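Trainee: Could you walk me through this structure, one question at a time?

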Protein chains: 2
Amino acid sequence: MDIQLKRGLLDVCVLAAIKDGESYGYRIIKDLKPCIELSESTLYTILKRLEAAGSLTVRSDEHNGRLRKYYRITASGLRRIEDFKTEWKEVISVYDFVTREDGHE
Amino acid sequence: MDIQLKRGLLDVCVLAAIKDGESYGYRIIKDLKPCIELSESTLYTILKRLEAAGSLTVRSDEHNGRLRKYYRITASGLRRIEDFKTEWKEVISVYDFVTREDGHE
DNA sequence: CGGAATACATCATATCACGAAGTATTCGGT
DNA sequence: ACCGAATACTTCGTGATATGATGTATTCCG
């Protein structure tokens, strides 16, 4: 998918990936793979950004002697998904403008 | 609208604004206003980018003693709009993922 | 006469996706 | 027992991009 189009979707995709329960980085990437592809460097940047914004919380835990960071969505993060849905109406109207058959007369 | 969402739409909006006939910068902004807002600096950056990409051609003309640059969409630009429509199917499937009621079980 | 509108241009800045590279552990196959 | 793949997270540099600020110059309207 075009990188510019992805920009508006990635953050909210990551939030959607954890909205039904805690998850961690590597698994988020795999869960999102059928939906949208993103690299590790991209994901961890996004997770940090979302944490800084208060959209999710982090908890470090040991899993088989290996560190894992579990991410959980917050109320603010859920709200962000709702805001996205609201904004989507605008996006659709832009899409309609772009794909309309004939012009502004 | 969220700036990240706009990023995927602006180029194609500008192309859509000239797809039914030549237009110029200031008018494009006004024509797009009901659809999507963009500043002059943004528009002229986009027009330059689209020209470099061969999506449109420019023609300078004098209008009431004042310079005007008229932009016309090319076949490649029209194709770009078609590509956008194709990609939109992916976008919709991402949207469905984000807004699905319940999780990946 | 003056300010708003028209019209285009340049620059600096902030945000962001991504590849590359690194560290460290576990697991499966032979 | 060994080795490569998979797991898991981190940091750094780069390139693309939207935007505000600022500038220049002309026309139109009250």
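Trainee: Which residues come nearest to DNA strand C?

Mentor: Happy to start there. This is a predicted model, in which local features need pLDDT of at least 70, side-chain atom pairs count only at pLDDT 80 or more, and totals for chains, interfaces and linings use all residues. Residues are numbered from 1 along each chain as its sequence is written, chains are lettered from A and ligands numbered from 1 in the order written, and side-chain values use heavy atoms, without hydrogens and water. A residue is near a strand if one of its heavy atoms lies within 4 Å of it; of the 24 residues around DNA strand C, those that come nearest are R66(A), K30(B), R66(B), R68(B) and K69(B).

Trainee: What percentage of the atoms of DNA strand C within 4 Å of the protein belong to sugar or phosphate?

Mentor: Individual contacts reach both parts of the strand. The side chain of T42(A) has an N or O atom 3.3 Å from a phosphate oxygen of DNA strand C, while that of S41(A) has one 2.8 Å from a base nitrogen. Bases make up the rest once sugar or phosphate is counted, and the sugar or phosphate part is 68%.

Trainee: Which residue of chain B has a side-chain N or O atom 2.7 Å from a base nitrogen of DNA strand C?

Mentor: Look at the elements first: α4 (40–52) of chain B is one of those that supply at least two residues of the surface near DNA strand C. Helices here are DSSP runs of H or I with at least four residues, strands are runs of E with at least two, and both are numbered from the N terminus. The residue you want is E40(B).

Trainee: On to the other strand: which element gives the most to the surface near DNA strand D?

Mentor: Of the 25 residues around DNA strand D, K30(A), Y44(A), R66(A), R68(A) and R49(B) come nearest. Sugar and phosphate account for 65% of the strand's atoms within 4 Å of the protein. A polar side-chain atom of R68(A) lies 2.2 Å from a phosphate oxygen, and one of T42(B) lies 3.2 Å from a phosphate oxygen. With 5 residues, the element that gives the most is α4(B).

Trainee: How much area do chain A and chain B bury between them?

Mentor: Contact means heavy atoms within 4.5 Å, and 36 residues of chain A are in contact with 36 residues of chain B. Buried area is the accessible area (1.4 Å probe) that two parts lose on being put together, summed over both. Carbon and sulfur atoms carry 67% of it, and the total is about 3400 Å².

Trainee: Which residue of chain B meets R100(A) in a salt bridge?

Mentor: A salt bridge is a side-chain nitrogen of Lys or Arg within 4 Å of a carboxyl oxygen of Asp or Glu. The rule finds 2 salt bridges across the interface of chain A and chain B. At 3.2 Å, N to O, the partner of R100(A) is D20(B).

Trainee: Why do β1 (23–24) and β2 (56–63) of chain B each have one side without a neighbour in the sheet?

Mentor: Two strands pair if DSSP finds at least two bridges between them. The open sheet of 3 strands in chain B is antiparallel, with the order β1-β3-β2. One side of β1(B) and of β2(B) is free because each stands at an edge, with a single partner strand.

How values were computed. Polar contact = N/O pair within 3.5 Å; in protein donor to acceptor, adjacent residues only side chain to side chain.
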